[in-house]
Amino acid sequence: MFDEYTKSLNLDPHSPSFRLVTDGQLPLRQCLHPEASAKDADLPQYYWRFCDLRKEFVRFRAGDLARALVPVAEAQKLQSMPSLPPTPASVADIIKDLDLQACQDNNEFYVKEAHDMVTIVKHLITLGHKFEANEVINLNLEPGIW
């Protein structure tokens, strides 16, 4: 159904420029993929990469700070550089920080949250932000260090 919906909007979900934007990694990594696996359903390729809205907001707030290179000779300047902004705790925090109008039309939490996310994405794009920090979902999990 989602493929059909994007096609009705003249979007190609299989295009490399198509991005899913989520509120954190849990919706895809810990809900959709395990459920699809349990039901032996194949997910289209675009469900294997996503942009985390909270991390994108931190990237937006940090500007070029995250990509700044400081020569070794000027390493003492690192102490006076501002630190990265903290990751927001919720979509509502991002709305408040950007001084945007939160959705008032719906009483259902998830519908309101989705509308607020759309407002944030539109605002960031208008300000020139590019959603390029794709996170990838791997089929096999790598063992972690204990």
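Colleague: Leaving aside neighbours within four places in sequence, which residues is Leu-53 in contact with?

Modeller: First off, this is a predicted model: local features need pLDDT of at least 70, side-chain atom pairs count only at pLDDT 80 or more, and totals for chains, interfaces and linings use all residues. Residues are numbered from 1 along each chain as its sequence is written, and side-chain values use heavy atoms, with hydrogens and water left out. Contact means heavy atoms within 4.5 Å. With those sequence neighbours set aside, Leu-53 is in contact with Val-21, Thr-22, Ile-94, Met-117, Ile-120, Val-121 and Phe-131.

Colleague: Which element gives the largest share of the largest nonpolar core?

Modeller: A nonpolar core is a set of buried (under 20% relative accessible area) Ala, Val, Leu, Ile, Met, Phe, Trp, Tyr and Cys residues joined through side-chain atoms within 4.5 Å. The largest one has 14 residues, with Leu-53, Ile-94 and Phe-131 among those making the most contacts inside it. Helices H3 (53–62), H4 and H5 each give two or more residues; helices (H or I, at least four residues) and strands (E, at least two) are DSSP runs, numbered from the N terminus. The largest share, four residues, comes from H5.

Colleague: And what about the sheet: which are its edge strands?

Modeller: Two strands pair if DSSP finds at least two bridges between them. The open sheet has three strands in the order E1-E2-E3, with mixed pairing. Pairing on one side only makes a strand an edge here, and that goes for E1 and E3 (135–136).

Colleague: What is the bridge partner of Val-21 in E2?

Modeller: E1 and E2 (residues 49–52) run parallel and are joined by two bridges. In E2, Val-21 is partnered by Cys-51.

Colleague: Is Asn-10 buried or exposed?

Modeller: Asn-10 sits in the loop between H1 and E1, and its phi is near 60 degrees, a positive value in a residue other than glycine. The cut-off for exposed is over 50% relative accessible area, with partly exposed lying between that and buried (1.4 Å probe, protein chains only). Asn-10 has a relative accessible area of 72%, so it counts as exposed.

Colleague: How much accessible area do Phe-2, Tyr-5, Leu-9 and Leu-11 have together?

Modeller: Patches are made of residues with over 30% relative accessible area and no salt bridge (a side-chain nitrogen of Lys or Arg within 4 Å of a carboxyl oxygen of Asp or Glu); like charges are joined within 9 Å, nonpolar side chains (Val, Leu, Ile, Met, Phe, Trp, Tyr) within 5 Å. Leu-9 is partly exposed, at 44%. Areas come from the Shrake-Rupley method with a 1.4 Å probe, and for residues only the protein chains shown count as cover. Together, these four form a nonpolar surface patch whose accessible area is about 370 Å².
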